[in-house]
Amino acid sequence: MIQIPEQGRSPDDVLAELAARAKADTDWRGGRVFSLVYKLPGERGHSHERLLERSHALYAAGNLLNPMAFASLKQMESDLVEMSGRLMHCAGAVGTMTSGGTESILCAVAAYRDRARRERPWIRRPELVVPQTIHPAFDKAGHYFGVRIRKVPVRDDLRADPLAMARAISRNTIGLVGSAPQYPHGVVDPIADLGALARSHGLPMHVDACVGGFVLPWLERLGRSIPQWDFRVPGVTSISADLHKYGYAGKGASMLLWRSAEDMRHQFFVATDFPGGVYASPTMLGTRGGGPVAAAWATLQSLGASGYLELAREALDASDRLRAGIRRIPTLALLGDGSTTLVAFTTVDELDRSLLARLRDLAGRGAPIYAIADRLETRGWTADRQHRPPSLHLTVTANHGDIVDDYLADLAASVDDVARDPSLVRAGTAPVYGMAGKLPVRFLVRSRVRDVFAKMYASNRP
Ligand SMILES: *Cc1c(COP(=O)(O)O)cnc(C)c1O
């Protein structure tokens, strides 16, 4: 039980309790967590954390809801748009900062829908044509805004299939989407082909570079072969790119960029009959906290291109060493082409099975890879489990350079555990995740997960 205390407590007392509470969380500084936190390594990590805290604090009360009152915040937002636009090869790009990838995507989908209402007024059931591997933020946007998210199977190389997407375009289509890269397997979709397809149908196209936007440009400069995905591709209308991922900014920071002001117009919302006055807003939020804007601006200025290049080099090196180590474990197989800093792998057995599963379903069994995940967790790692095929995912950052050898040793030991005791596949989380990946029970999974959430929020006790 807790209620607002009758007498306020001293700031020192409150801060001490916060620090103590934070200890209950996962140790995100130590590099044993992936995908949730993007951190600079070592001493650089320490001083960057201080920069984020102080820049955020300077603007914690600021509100970008009114760009006239907070002209300095609006200027920082414009600076962020210009810096990101140039990085993605469009000096004249326009756009907004948002609170995260999901908000960038929500804004983009709403704008595409409204654009279609103007340009294609005959459409009653708007559809976005997307690859199967698209992020769930698009499902969320479709759910909120009444847009059907038409998912198209990907090719064997796990990249979007432009021919199949072409066949999915109908008179209800309002736009196309590709990812750079897609999250589950870290491969970059063939954006140039998708852009050409969009242009040939007179459709706008969004590139979801939420995870890749602030790392692919540096990987390309490091000589990695990355297919073109940004505004250099003529058909690309808009790009979402998260500053709070490989931009190493504070949380609550993403960019939604548009090639032209004409394309962006549909993003603005204006209410004119509010007794409180005309109310206009470019994003989902009303009040927009100044802290994340200032912290993101401070990050780009503080790291600079040379800082980002070095961080990308370290992340790429760590991911390459992880991939090399995984390749040396005979029962494991990498997914994707290994061109980015995202690593995904499965068991060889699982790869065989995912082919077989199309013919016959092996219901009720767990997957060895999930048993391996359980064993990794007992060794102090957080494991990001994926479906289709059952696999594990690592979002590798510069902060993971120091953990590569430990991780690979623990991974090899976990693989041995499961090889020695196959009953582990029927224990722990393995059967649950194995089941969840199978089609016929996925509607059950949805209601079960809703129950779990309802319970978590009903008691207010996680
Ligand atoms: C992270 C991510 C998103 C969503 O971003 P949030 O910041 O979590 O809202 C969307 N697309 C891709 C590819 C992502 O990796």
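**Ring pairs, a bent helix and a ligand site**

Let me start with the aromatic side chains of this predicted model, where the count comes to nine aromatic pairs, taking rings as paired if their centres lie within 6.5 Å. One of the pairs joins F34 and W381, whose ring centres are 6.5 Å apart and whose planes meet at 25 degrees, so this pair is classed as stacked. If you look for the two residues in the chain, you will find F34 in the loop between α1 (11–22) and α2 (42–58), while W381 sits in the loop between α12 (368–378) and β12 (384–386), and so the pair ties together parts that are 347 residues apart in sequence.

Next, please turn to helix α10, which runs over residues 290–327 and has 38 residues. A straight helix would reach 56 Å at 1.5 Å a residue, but the end C-alpha atoms of α10 are only 45 Å apart. Where does α10 bend? The bend is at G304, and it amounts to about 85 degrees.

Finally, we come to the ligand, which is surrounded by a shell of residues that includes G100, T102, I105, H135 and Y183. This shell divides into four nonpolar, five polar and three charged residues, and helix α4 (residues 101–119) gives the most to it, with three residues. As for polar contacts, a backbone N or O atom of G101 lies 2.9 Å from an oxygen atom of the ligand, and an N or O atom in the side chain of H244 is 2.8 Å from a ligand oxygen atom, whereas for the side chain of D242 the corresponding distance is 3.3 Å. Taken alone, the ligand exposes 380 Å², and the protein buries 84% of that.

Definitions and conventions:
Residues numbered from 1 in each chain as written. Predicted model: local features only at pLDDT ≥ 70, side-chain atom pairs only at ≥ 80, totals over all residues. Heavy atoms only, no water. Near = heavy atom within 4 Å. Polar contact = N/O pair within 3.5 Å; in protein donor to acceptor, adjacent residues only side chain to side chain. Areas by Shrake-Rupley, 256 points an atom, 1.4 Å probe, with all protein chains shown as cover. Helix = DSSP H or I, 4+ residues; strand = E, 2+ residues; numbered from the N terminus. Nonpolar A, V, L, I, M, F, W, Y, C, P; charged D, E, K, R; others polar. Expected span 1.5 Å × (residues − 1). Bend = angle between axes of the 7 residues up to and from the residue. Phe/Tyr/Trp six-rings, centres within 6.5 Å; stacked < 30°, edge-to-face > 60°.
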